[in-house]
Amino acid sequence: MINRRHLLTLAGLTALVPATLAACAKDDTSSSSQTSGSGSPASGAASQPLDVLRVHTPTTLAYTAPMTFFGTYGHLDGIVKEVAKDTWASVDVLKSLLVSGDTDLAATPSYAAANLFNKGVAVRLVAMQVWGMLYVIGPAGSAAQGLESLRGQSVGVPLPGNMPDLVFRYLLAQKGWDVDSDLTITSYPDGQGALNALLTGEVAYVVLPEHPASVSLARAQQQGMSLERTVDLQQLWAEVTGGEARFPMAGLVMPTALTEDPALVGAVLDELEAAVEDVNAMSEETVQAIATANEVPAPVVTEVIPRLQLSIVPAAEARDELEDFYTRLSTLNPDIIGGSLPADDFYVADPR
């Protein structure tokens, strides 16, 4: 087991908006035989420790921050010999890792996990971790009007047909807006393109997740522009749904074979909870380690962490919120979850 003082190096920040906010491709995918990190087929019985737990996450702080010390809290001792951490840069890479059995724990958008499962990939959802971190960024003073300030304006939205786009369009529709006439939505393939459009005046507003939202505000200030968070889409979600100001945005999946080992699943959940608790506590040591590992200034890390809405909820316990989320977004695009709600065995129960 790695020591907290001897961390595996995480990949640096390579993209302003991570591919974790993308949904899965719609083509059918056949299931594959999943193997443990040792290269041997995983068994339902915990007969011996897993040689290597291969963990893959996108580059967003919502995942790289908790993973900074993941594997050092002791919960995996005797269950896993080593934790190997890496990042994935696109949903195609994520999909390949899962289909080929080259990962043991992977972060995914919540509906991307359902899509893979429904298309026959042998994965199950273990836990939810990110509970909404989307914002509309716009000119200084626009927050006073909130959503109404967008009427008749141009709004840049990254990743058409995926998380930022679908959540934004769903909320507008529920507020009675006509997205074809009440505003102009301009789609961009990634968050960097959307941000550049905002900074160059091509659009007046942009939808971004954290931590890119905070980065955009800092970059604008450096360029002499004054921007702010015009709309907190989590708060808007609460207004529309009558529930909490959160939604199950992203979680973690494991190969089906590995989820049949309750000791491993329980240890992973314990380790995830410890990691998230550590990040949310924001000690000086933890903030500095996250900043160094991700090449993000410590003050930005401190500002961003509370907005990430990090909380580990075992999949089975999050099922009601997930199905509500899936159902709502499926009104815009049922293909994002593979055409139907996932079956019962998609949601891994907490074995502890």
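## Exercises on a predicted model

**Exercise 1.** Is leucine 159 buried or exposed?

*Solution.* Leucine 159 has a relative accessibility of 13%. Buried means under 20%, so leucine 159 counts as buried. Now place it: leucine 159 lies in the loop that links strand E6 (154-158) to helix H4 (163-174). Then check the backbone: its phi is near 55°, a positive value in a residue other than glycine.

**Exercise 2.** Run the same kind of check on glutamate 295: is it buried or exposed?

*Solution.* Start with the backbone. Phi of glutamate 295 is positive, about 55°, although the residue is not a glycine. Next, the location: glutamate 295 sits in the loop between helix H10 (284-294) and helix H11 (298-304). Last, accessibility: the cut-off for exposed is over 50%, and glutamate 295 comes in at 61%, so it counts as exposed.

**Exercise 3.** Work out which helix holds leucine 258, and how far its C-alpha is from that of arginine 124.

*Solution.* Leucine 258 belongs to helix H8 (residues 256-259). With a relative accessible area of 4%, leucine 258 is buried. Along the sequence, leucine 258 and arginine 124 are 134 residues apart, yet their C-alpha atoms are 9.4 Å apart in space.

**Exercise 4.** Which peptide bond, ending at histidine 211, is cis?

*Solution.* Go to the loop between strand E8 (205-209) and helix H6 (212-222), where histidine 211 is found. The bond from glutamate 210 to histidine 211 is the cis one, with omega near 5°.

**Exercise 5.** Over which residues does pLDDT stay under 50?

*Solution.* The protein averages a pLDDT of 87. Still, pLDDT stays under 50 over residues 1-36 and over residues 38-46.

Conventions
Residues numbered from 1 in each chain as written. Predicted model: local features only at pLDDT ≥ 70, side-chain atom pairs only at ≥ 80, totals over all residues. Heavy atoms only, no water. pLDDT = per-residue confidence, 0-100. Contact = heavy atoms within 4.5 Å. Helix = DSSP H or I, 4+ residues; strand = E, 2+ residues; numbered from the N terminus. Buried < 20%, exposed > 50% of the residue type's maximum accessible area, 1.4 Å probe, protein only.
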